[in-house]
Amino acid sequence: MIESPGNSPNTDGIHIQSSQYVAITNSKISTGDDCISIGDYSSNVQRYNIQCGPGHGKGGNFAQVENIHVSNAFFYGTTNGARIKTWQVGRGYVRDVIFENLEFNSVKNPIIIDQNYCDVRGACKEMVMQVNIALNAYSA
């Protein structure tokens with residue numbers, strides 16, 4: 001169990017950066033920010049049987065994130081569920097991402113992809129997207 005007050009800023013439960021072959025399983029995470037965030041230069045990350053919430057869930061200039069598998073996750077009372085965000089000035093790629101068997105309860109944005117992320121709402125000019133995102137979508 002990872003826990004912090006719901007109103008605490010910048011309290012990611014787990015942040016993965018520049019890592020390969022990481023598995024997060026059978027976890028309950030309740031934070032004021034992202035439950036699990038995956039940063040630049042990360043690959044082969046597996047997330048299974050995760051409970052996330054409540055929470056609301058800066059990267060570098062060049063993103064390389066690939067082979068991400070999120071399965072059997074339960075999101076409750078969050079602003080965002082499964083989310084991919086890239087910074088406006090970023091370049092690179094996010095590819096081979098699989099989301100499956102996700103459950104949402106009281107989640108404002110169950111699945112969201114934001115290629116022009118700005119940490120101050122309304123303060124950033126919309127830019128041409130630079131990070132290529134490729135998802136694998138499956139339905140049962």
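This is a walk through a predicted model, one selection at a time.

**Start with the whole chain**

Show the protein chain as a cartoon and count the elements: there are 10 strands and 0 helices. Followed from the N terminus, the order is simply β-β-β-β-β-β-β-β-β-β. Of the 140 residues in the chain, 39% are buried. Switch on a surface if you like; its accessible area is about 8,000 Å², and carbon and sulfur atoms account for 48% of that.

Now colour by pLDDT. The chain has a mean of 78, and 81% of its residues reach 70 or more. Which strand has the highest confidence, and which the lowest? Go to β3 for the top mean, 88, and to β10 for the bottom one, 70. Keep one caution in mind while zooming: where pLDDT is low, the predicted coordinates should not be read in detail.

**Into the core**

Next, select Val94, Phe99 and Leu102. These have the most contacts inside the largest nonpolar core, which has 23 residues. To see where the core comes from, highlight β3 (20-30), β5, β6 (62-76), β7 (80-87), β8 (91-105) and β10 (131-136), each of which supplies at least two of its residues. The largest share is from β6, with 6 residues. As background, nonpolar side chains in soluble globular proteins tend to be buried together.

Stay on Leu102 and show its neighbours. Leaving aside residues up to four places away in sequence, Leu102 touches Val70, Ala73, Phe75 and Ala82. Keep Phe75 on screen for the next stop.

**Two ring pairs**

There are 2 aromatic pairs to find. Pick Phe74 and Tyr76 for one of them: the rings are stacked, 5.6 Å centre to centre, with 25 degrees between the planes. Are these two buried or partly exposed? Phe74 is partly exposed at 22% relative accessibility, and Tyr76 is partly exposed too, at 21%.

Then select Phe75 with Phe104. Their ring centres are 5.4 Å apart and the planes sit at 15 degrees, so this pair is stacked as well. Phe75 belongs to strand β6 and Phe104 to strand β8, so the pair ties together parts that are 29 residues apart in sequence. Check the surface on each partner: Phe75 is buried, with a relative accessible area of 4%, whereas Phe104 is partly exposed at 29%.

**A salt bridge between strands**

Hide the rings and bring up Glu66 and Arg95. The count for the model is 1 salt bridge, and this is the spot: the two side chains meet at 3.1 Å, N to O. Glu66 is in strand β6 and Arg95 in strand β8, 29 residues apart, so to speak a link between distant parts of the chain. Arg95 is partly exposed, at 34% relative accessibility.

**Around β2 and β4**

Now move to Ile16, in strand β2 (residues 14-16). Ile16 is buried, with a relative accessible area of 5%. What does Ile16 touch, not counting residues up to four places away in sequence? Show Val22, Ile24, Ile36, Ser37, Ile38, Gly39, Ser42 and Val45. For one distance to check in the viewer, draw a line from Ile16 to Val45: the C-alpha atoms are 8.9 Å apart, across 29 residues of sequence.

Two of those neighbours deserve a click of their own. Ser37 lies in strand β4. Its relative accessible area is 10%, so Ser37 falls under the 20% limit and counts as buried. Beyond the residues up to four places away in sequence, Ser37 touches Asp12, Ile14, His15 and Ile16.

Finish on Gly39, in the loop between β4 (36-38) and β5 (42-52). Gly39 also counts as buried, at 10% relative accessibility. With residues up to four places away in sequence left out, Gly39 touches His15, Ile16, Gln17 and Val65. For a last distance, pick Gly39 and Ser18: they are 21 residues apart in sequence and 7.0 Å apart in space, C-alpha to C-alpha.

Definitions and conventions:
Residues numbered from 1 in each chain as written. Predicted model: local features only at pLDDT ≥ 70, side-chain atom pairs only at ≥ 80, totals over all residues. Heavy atoms only, no water. Helix = DSSP H or I, 4+ residues; strand = E, 2+ residues; numbered from the N terminus. Buried < 20%, exposed > 50% of the residue type's maximum accessible area, 1.4 Å probe, protein only. Contact = heavy atoms within 4.5 Å. Core = buried A, V, L, I, M, F, W, Y, C linked by side-chain atoms within 4.5 Å. Areas by Shrake-Rupley, 256 points an atom, 1.4 Å probe, with all protein chains shown as cover. pLDDT = per-residue confidence, 0-100. Salt bridge = Lys/Arg side-chain N within 4 Å of Asp/Glu carboxyl O. Phe/Tyr/Trp six-rings, centres within 6.5 Å; stacked < 30°, edge-to-face > 60°.
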